[in-house]
Amino acid sequence: PCLRKQTTTKYSGLLLRTRAMGSQQEEIKKLFSKYTVGDIVKEKKVLHTVMSTTSIQDTLNLLEKHKIQSVPVIHEGTKKFIGIVSISDIALSVAFRPCYTREGEDVHHLTRKEMEEIIKSKSEKLEKPIADIMGLTEEGKYFCVLGEPDPIGRAFFSFSEGAHRALVLRKGDAGPCMLSQTDVARFILDKITSEPASQAKASAEKLMKTKISELPLAKSEKSKGKIVSVNASEAALIGFRKLIKYHFPDEWNLAAIPVVSDDDGKGGGGKVVETLSSSDLRGLKVEGLMQLMKPIPEYLEGVHGTRLRKQVTVEGATTFGEALQKIMDGRVHRAWIVNKDSTLQGAFSLSDVMSAMCAHV
């Protein structure tokens with residue numbers, strides 16, 4: 001009898017918690033289900049585009065000029081959209097394809113003189129048309145397209161699956177535009193703040209107070225518990241190669257990699273001192289390719305004009321809302337999760353934010 005009573009009490013408690021979670025989910029769904037993709041992009045400007053014959057170099061220059069991560073490509077003949085090329089496609093092309101590659105030998109073993117010879121013989125690759133490297137990454141192959149009437153939940157779902165941006169088709173003279181994870185994250189914070197008091201808003205605020213250690217991860221079974229990092233002493237090219245290696249969705253949808261001190265390269269610890277992302281290749285020119293052989297902090301100093309930028313970090317006990325606000329304030333796409341000793345533990349990204357919202361909407 002005692003055992004039955006104890007089991008019944010536990011079951012009742014679990015049932016109550018399940019019902020409470022279901023109720024919270026329904027209330028949050030009420031809050032956001034009334035919004036569409038069109039509500040997020042109504043103030044967005046018409047996107048920048050390139051023709052399929054535009055060179056890789058000119059595309060890099062465009063991305064740097066407008067501080068953007070990707071650009072739609074229009075076919076020279078048909079004048080129709082044929083896809084999106086991102087800085088990740090270019091990063092893969094630069095890190096593995098045209099330069100720094102010699103059969104049977106890793107970049108660690110190449111001398112400076114050998115590197116100069118490789119660059120001299122292969123640097124013309126940056127003058128190749130951008131269409132030549134389209135689809136090198138999974139996101140480039142299967143770019144996401146949304147419409148203004150689509151519910152916001154569809155954006156949550158697409159971005160939780162690994163996409164970082166989507167092409168939005170708009171009616172009338174507005175023209176198409178690009179929707180990013182950052183756009184959606186900013187919209188979430190704005191609506192939770194500006195909505196009048198209600199049960200739905202209270203449920204959303206409760207979600208924002210959840211510890212990030214209790215939130216669902218972005219969808220990637222292989223990424224769970226996996227920490228990918230690079231040593232600060234290593235060349236920038238090594239970092240980009242490592243980043244690209246783990247960029248594919250079937251491994252770990254990684255758009256940036258933490259640069260750490262005293263790490264064994266296998267997730268064995270170290271404090272985060274910098275962040276290396278695909279966007280750090282924007283504006284790269286042929287004459288600057290040799291800069292990729294510099295240690296990562298030195299390379300990044302040349303890119304950003306400052307050494308060892310302050311990193312956005314959180315702990316497992318940080319709340320969802322606090323972590324999201326930190327990411328927005330830092331104008332980054334992720335925060336590194338560290339322990340009390342500031343040692344790297346993992347990452348909390350905008351993909352994780354979208355995954356959490358997708359679970360509720």
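Guide: Two strands count as paired if DSSP finds at least two bridges between them. In this predicted model, strand E11 (residues 334–338) and strand E12 (residues 344–349) have five bridges and run antiparallel. Five bridges satisfy a cut-off of at least two, and therefore E11 and E12 are a pair. In E12, Phe 348 is the bridge partner of Ala 335.

Visitor: What do E11 and E12 form, and what lies between them?

Guide: The two strands form a hairpin, and five residues lie between them. In the turn, Ser 342 has a positive phi of about 70 degrees.

Visitor: What is the mean pLDDT of the protein chain?

Guide: The mean pLDDT is 79, and 75% of the residues reach 70 or more. Over residues 247–253, however, the pLDDT is below 50, although this stretch has 27 contacts in the model beyond near neighbours in sequence. Residues 264–268 also have a pLDDT below 50, with seven contacts beyond near neighbours in sequence. Where pLDDT is low, the predicted coordinates should not be read in detail.

Visitor: Why is H7 called oblique to H13?

Guide: Helix H7 (residues 152–160) and helix H13 (residues 350–360) pack at about 135 degrees, with axes 8 Å apart. An angle counts as roughly perpendicular from 65 to 115 degrees and as roughly antiparallel over 145, and the rest above 115 is oblique. The angle of about 135 degrees therefore makes H7 oblique to H13. Their crossing is left-handed.

Visitor: Which residues of H7 meet H13, and which residues of H13 do they meet?

Guide: From H7 come Phe 156, Phe 157, Phe 159 and Ser 160; from H13 come Ser 351, Met 354, Ser 355, Met 357 and Cys 358. By class, this contact has six nonpolar, three polar and no charged residues.

Visitor: What makes H7 oblique to H8?

Guide: The axes of H7 and helix H8 (residues 181–194) come within 11 Å and cross at roughly 130 degrees. That angle is neither in the range 65 to 115 nor over 145, and H7 is therefore oblique to H8. The crossing of H7 and H8 is left-handed. Ile 152, Ala 155, Phe 156 and Phe 159 in H7 meet Gln 181, Val 184, Phe 187 and Ile 188 in H8. Seven of the residues in this contact are nonpolar, one is polar and none is charged.

Visitor: Why is one side of strand E4 and of strand E6 left without a neighbour in the sheet?

Guide: The order of this open sheet is E4-E5-E6, with mixed pairing. Strand E4 (144–147) and strand E6 (177–180) stand at the edges with a single partner strand each, so one side of each has no neighbour in the sheet. Neighbouring strands are turned by 40 degrees against each other on average, direction ignored. Strand E5 (residues 165–169) pairs with E6 in the antiparallel sense over four bridges, and Ala 166 stands opposite Leu 179 in E6. H7 packs on this sheet, touching E4, E5 and E6, and its direction makes about 175 degrees with that of E4.

Visitor: What makes strand E7 and strand E9 edge strands?

Guide: Another open sheet has the order E7-E8-E9, also with mixed pairing. Strand E7 (230–231) and strand E9 (272–277) each pair on one side only. Strand E8 (residues 256–260) is joined to E9 by five bridges, and the two run antiparallel. The bridge partner of Pro 258 is Thr 275 in E9. Helix H11 (residues 296–304) lies across E7, E8 and E9, at about 60 degrees to E9.

Key:
Residues are numbered from 1 along each chain as its sequence is written. This is a predicted model: local features need pLDDT of at least 70, side-chain atom pairs count only at pLDDT 80 or more; totals for chains, interfaces and linings use all residues. Side-chain values use heavy atoms; hydrogens and water are left out. pLDDT is the predictor's confidence in each residue, from 0 to 100. Contact means heavy atoms within 4.5 Å. Axes are lines fitted to C-alpha atoms, for helices over the stretch in contact, and angles run from 0 to 180 degrees between N-to-C directions. Angles under 35 degrees count as roughly parallel, over 145 as roughly antiparallel, 65 to 115 as roughly perpendicular and the rest as oblique. A crossing is left-handed if the near helix is turned anticlockwise from the far one by less than a right angle, and right-handed if clockwise. Ala, Val, Leu, Ile, Met, Phe, Trp, Tyr, Cys and Pro count as nonpolar, Asp, Glu, Lys and Arg as charged, and the others, Gly among them, as polar.
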